[in-house]
Amino acid sequence: MLINKNDLPLVSMDFMNDTHFEDVEIINELYKDILEYEKEQSELNLKSLEDKYKEWITHTENHFETEEIQMREKGFFAYEFHKNEHNMNLSEIKQLFDNFEETKNILELKNYFENNLVSWLVNHIQTMDTVTAMFFKTGMSPCAMH
Ligand SMILES: [Fe+2]
Ligand SMILES: [Fe+2]
C-alpha cells in the first residue's frame, strides 16, 4: 500500500472526500501493479498495469472536472488557480504514462509514485481542495470579512 486512506486530509464536502478515497484505492492498486511488473516483466503484468493506469487517468479527469464544474457554478474566486493545478497534474501523469509506454522504464514510474505523487495529492487536498470545499459549504473565502 502506498497511501493509507486514514492519512488523507478531509475537506468539508463529502462528495470530494468520496472521490479522494476512490482515487487512493486506484493508486494503491496501481502501485501494486507497478511492484509486480518490477518483479516480473510479463505480458500479463504489463496489461494489468496499463489497464489500471488508464482507469486512473479517467478517474482523475472526472475527479477534476467535477470539482471544476462546481467551482464555475458557484463562482469560486480562485477557479483559474485551482484548475491550473489540475491541468498540470493531469498532463504530468499522462506524460509519465506515455514515457513508460515508450521506454518500459518501471523505475521511473515507481519513483514518481513514491516520491512525487503522494506529496502532490496530500498538498493539493490540504490547500486547493480545502479552501474550495469551505467556499462550497459556507460561500466564503477563509479571509472574508463578512
Ligand atoms: Fe480533489
Ligand atoms: Fe482539486
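**Note on a predicted model with two iron ions**

1. The iron ion (ligand 1) has four donor residues, H20 (NE2), H63 (NE2), E67 (OE) and D129 (OD), at 2.0 to 2.2 Å. The model is predicted, and every value in this note is to be read with that in mind.

2. The angles subtended by the four donor atoms around the iron ion (ligand 1) run from 84 to 157°, which makes the arrangement irregular. Along the sequence, the donor residues of this ion follow the spacing H-x42-H-x3-E-x61-D. H20 belongs to helix α1 (residues 14-39) and D129 to helix α4 (residues 106-138), so this pair ties together parts that lie 109 residues apart in sequence. H20 and D129 are both buried.

3. The iron ion (ligand 2) takes its protein donors from E67 (OE), H82 (NE2), H86 (NE2), H124 (NE2) and D129 (OD), which lie 2.2 Å from it. The spacing of these donor residues in sequence is E-x14-H-x3-H-x37-H-x4-D.

4. Which residue coordinates both the iron ion (ligand 1) and the iron ion (ligand 2)? E67 does so, and the two ions are 3.5 Å apart. D129 (OD) likewise appears among the donors of the iron ion (ligand 1) and among those of the iron ion (ligand 2).

5. Two histidine donors of the iron ion (ligand 2), H82 and H86, are found in helix α3 (residues 79-103), where they are four residues apart, about one turn of the helix. H82 is buried, its relative accessible area being 0%; H86 is buried as well, with a value of 1%.

6. Apart from the metal sites, the nonpolar core deserves attention. In soluble globular proteins, nonpolar side chains tend to be buried together. The largest nonpolar core of this model has 38 residues, and those touching the most other members are L49, Y53, W56, L109, F113 and L121. Helices α1, α2 (43-73), α3 and α4 each supply at least two residues of this core. The greatest contribution is that of α4, with eleven residues.

7. Y53 illustrates how this core is connected. Leaving aside neighbours within four places in sequence, Y53 is in contact with L30, I93, L96, F97, L109 and F113. Of these contacts, L109 and F113 are also among the core residues that touch the most other members.

8. One annotation may be set beside the model. An unreviewed UniProt entry places the feature "coiled-coil region" at residues 27-59. Over residues 27-59 the chain is 91% helix and 0% strand, and the C-alpha atoms at the two ends are 11 Å apart.

Conventions
Residues numbered from 1 in each chain as written. Chains lettered and ligands numbered in written order. Predicted model: local features only at pLDDT ≥ 70, side-chain atom pairs only at ≥ 80, totals over all residues. Heavy atoms only, no water. UniProt positions renumbered as here; feature names shortened; annotations may be inferred. Donors = N, O, S within 2.8 Å, 3.2 Å for Na, K, Ca; no water. Buried < 20%, exposed > 50% of the residue type's maximum accessible area, 1.4 Å probe, protein only. Tetrahedral: all angles 85-135°; square planar, octahedral: opposite > 155°, others 65-115°. Core = buried A, V, L, I, M, F, W, Y, C linked by side-chain atoms within 4.5 Å. Contact = heavy atoms within 4.5 Å.
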